[in-house]
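I opened my notebook to jot down what I could look up in this structure. Here is what I went through.

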Amino acid sequence: MNSKEITTQISEAADSLNLKKWDYGASFSNDHSVQVDKGEAKQLKASQKQILTIRVWNKSNLVGITTTSDISESGIKKALNQANIASDFGNKNEITEFSPLAKDPIEVKDTKKRNPVGIKKLLTLLREAEVKLLESHESIKSVPYNGLSESFYERVYANSDGAFRSYTKSQAALYLYARAEEKNKKPRSSGSVKLGYGVEDIDIESCIKDASNKTISHLNYSSIKTDKYLICFSPESFLTIINAFSSMFNARSILDGVSLSNKNSIGEKLSTEALNIYDDGLHEKNISSSPFDGEGTPTKRLCLINKGRLENFIHSESTARIFKTIPTGHAGLGSKVSVSPDWIVVEKSKKNSDLKTSLDHSSYDGEFVYIEELNAIHAGVKASQGSFSLPFDGWLYKNGKKISIESATVAGDIKYLLKNIVNIESNQEVTTSGISPHIWVDELSITGDS
Amino acid sequence: MLSSQIKSNEIVFGSCNKDLLEEIIFYGIGLGADFVEIFIENTDNSNVLAEEDFITSVSPSFGRGAGIRIFKEKKDGFVSTNDLTKHGLMRSISQAIEMLDITDNKREVFNGLNKHRDYSLPKKKWINEVPSIHEISEKLLVSTKSLKKNNKIITRKGSYSRNLQEVIIASSDGTYVSDIRLHQTVGLNVIASDTQYRSSGSRRFGSSGMPNEFRLWDHEKAANDVFESSMNMLYADYVDAGQMPVVLANKFGGVIFHEACGHLLETTQIERGTTPFENKLNKQIAHESVTAIDEGISEGSFGSLSVDDEGMEPEKSVLIKDGILKKFISDRAGELRTGHKRTGSGRRQNYSFAAASRMRNTYIAKGEHSKEDLINSISEGLYCKSMGGGSVGATGQFNFAVEEGYLIKNGKLTSPVKGATLIGDAKEVMPKISMCGDDLELAPGFCGSISGSVNVTVGQPHIKVDSITVGGR
């Protein structure tokens, strides 16, 4: 069945069950992936998946939901029946409706959808990449984590009010994590990830080079003294921390009491006037962009922090109604509709005279810690309290030299971190989760082994 | 009802599917596969969320799918699909054969499936015995109400999850198995706040194969525990970083052993060359006070199973005995690629993952000391009463958050501290576990790894680590 036929099937089944109001979101995908081990194919995978989430509204306008992978006629009827039963337990205190924007025009980018190259080609490319990475340095002994995949999918949203929208996309991903070992030293590991619309868009050579350089650069390491340090966050690590605390911008989290912000926080000064942060799911560099969210609301660019002040929250239909605004295209379909950012863009605003521009990661010769990548986010972030304590990969720069840091954590508070940004470099870099320049923060605690 | 009414020429749960399964396996072997395995599942799940004094989410879900895996020598191809028709399954195995590019003429022999081992028979009634949504909702609301003990509690949540999974496993070594698995979990969470101070508390409980367990859950005790934890931590200072001795509490304290050492004893890590213990069998890798076990047989424990996802009954595996490494956790691919015998540990989240060697109920065995003995032996250190999540890097370094911690001074627990993380490396920390308490207890959890998220139990008695890096401010 195609998406139009499924919509018709749901509509007819809903009629037969006397369900007048419904909507659904669906995803259909075909994926191929390969892993290799020292030149040999290790695991080759293919999958065909379909997921359908149906919501129904009962006569009291309460919502019930069901998710299924069974899109047969009987499966769809069963899903509608289960959703109807679940609607008896619908949330009476927070009514959910269709998004008022579910029929608005959507901006579908030229997604450069690619054709599948197939498993054999994926395997050949990954074998070659593994060999090149192993040959790039004598200390690189293996590439224990590697994979090349391609995915082709369609996403759909439709409702009983006549809204119908869908899009199809392709996406490919390559990851290479190398492990390097030298005598009398601990093994070191690092890697690189690249995304593209198709395999032909992935810069495999640059992935190999990045993985090799990052791994080798950590071979000579030293422990760091536990103390407070001037910190330079890489674009990737700063985006990681902003995403980890995105509940600050999230209306759902505010209503649930798990955000550092509250309903009246708009306008609050969070950081230097030099900081702007946007959510821009449709950004041309966002390979995973979606033109609409789980409720069918069009995706759009939204300013979250403007010149250091909180400017907007991200919303679903129900949170927007409670906040007396419009949905922002950040909803995920569920019994309790979730809200999450798409693609964070960090930039320096025009009001940047208070920045210490001498702090540049490529030229500053004072002492600082460069945080390349933050790890264990799920364990080390307390978003509702604002605190974090995270292991990281990075370097200590001292007297014009840099040395990889062995096993350390950085700890602090997100509000302190934002308020103590002392420089935002000019050049933005594209990562897999957004765009950001290097960001400098004065004095965060680092715990090391010495 | 769990068993689906599906038309002929498809997999039908609750019926004999032997002919169809044999036909698919014969087809794969005939085309040159060394080994063919078919894993088919049918699921029926429910989730309920209570926030403050209201049910805010009820989410049922159901689904079905198949994962077909073939091996040729040491490489394998895996295809998953939602299409359980003969056509869909044949298409999937053809795709798997094609992926492996099998061209040689060597043919394995398939003698048909063995007698059906049906573990599901006594379990078919479970679906009618588990609590209804109405019953769950009522108890969750009572639970969240119990959390409302003072005005500093600003957020109260109770959540319940029930997963019922019916599986059929058939493979070219004759394995033909059916089973039904039931997992239930219930959790409570609070956030406490007073001016600039904030804290949180959470506890999760879980069981497998016990439909009545939620009814027996002592929600009042759980609520008191969560409330007290959040209150104790509300005004806590940040811990000072440094090297110090620590005592880790029993139950979920075992998460560190699970993450930092257990994963390194899975054969998938040997395959990757990422475990420091690869060549340490029968050698000392931990303090002699440490004996560690992984098993899937404790009745009702969250990681227990009648049969693993490759059709093998789980065994009790003594991984470390008195500090000496005795065994690795192995699945079919692990046995093929590393030579370590299968332990009934081939597990996967669902049909869309190939099984891999995964832990089940994993714990450090009890010792002879009391909790007080451990604390009394420390002049300055940290007591980790409740652990949060953590992670282990590709080179074995781990990092775990301490949810509820107290300073130890002169052998006594003193003030609560927050923001602590434990940082280390299994190879270096295992020899430093110098004392084990006599109060072994288990706790349920979810473990995410190569074959998805699976239900596990972690556990230990109170243990003392002589020195570890504590991250703080």
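**Notebook: a sheet and an interface**

I started with the open sheet in chain A, keeping in mind that this is a predicted model. Six strands make up this sheet, and I wrote down their order as β11-β10-β9-β14-β22-β21. The pairing in the sheet is mixed.

Next I asked myself which strands sit at the edges. I found β11 (309-310) and β21 (429-430) of chain A there, each pairing on one side only.

Then I looked at one pair inside the sheet. Strand β14 (residues 344-348) of chain A and strand β22 (residues 434-436) of chain A run parallel, paired over two bridges. I spotted A:Ile344 opposite A:Gly434 of β22(A).

What packs on this sheet? I noted helix α5 (residues 235-244) of chain A, which touches β9 (275-280), β14, β21 and β22 of chain A. The direction of α5 makes about 120° with that of β14(A).

After that I moved on to where the two chains meet. I noted 59 residues of chain B in contact with 59 residues of chain A. Which element gives the largest share of chain B's side? That is strand β2 (residues 54-72) of chain B, with twelve residues. I also wrote down the make-up of chain B's side: 19 nonpolar, 31 polar and nine charged residues.

Last, I checked strand pairing between the chains. Strand β3 (residues 63-68) of chain A pairs with β2(B) in the parallel sense, over two bridges. Here A:Thr67 stands opposite B:Ser61, a residue in β2(B).

Key:
Residues are numbered from 1 along each chain as its sequence is written. Chains are lettered from A and ligands numbered from 1 in the order in which they are written. This is a predicted model: local features need pLDDT of at least 70, side-chain atom pairs count only at pLDDT 80 or more; totals for chains, interfaces and linings use all residues. Two residues are in contact if their C-beta atoms, placed from the backbone, lie within 7 Å. Helices (H or I, at least four residues) and strands (E, at least two) are DSSP runs, numbered from the N terminus. Ala, Val, Leu, Ile, Met, Phe, Trp, Tyr, Cys and Pro count as nonpolar, Asp, Glu, Lys and Arg as charged, and the others, Gly among them, as polar. Two strands pair if DSSP finds at least two bridges between them. Axes are lines fitted to C-alpha atoms, for helices over the stretch in contact, and angles run from 0 to 180 degrees between N-to-C directions.
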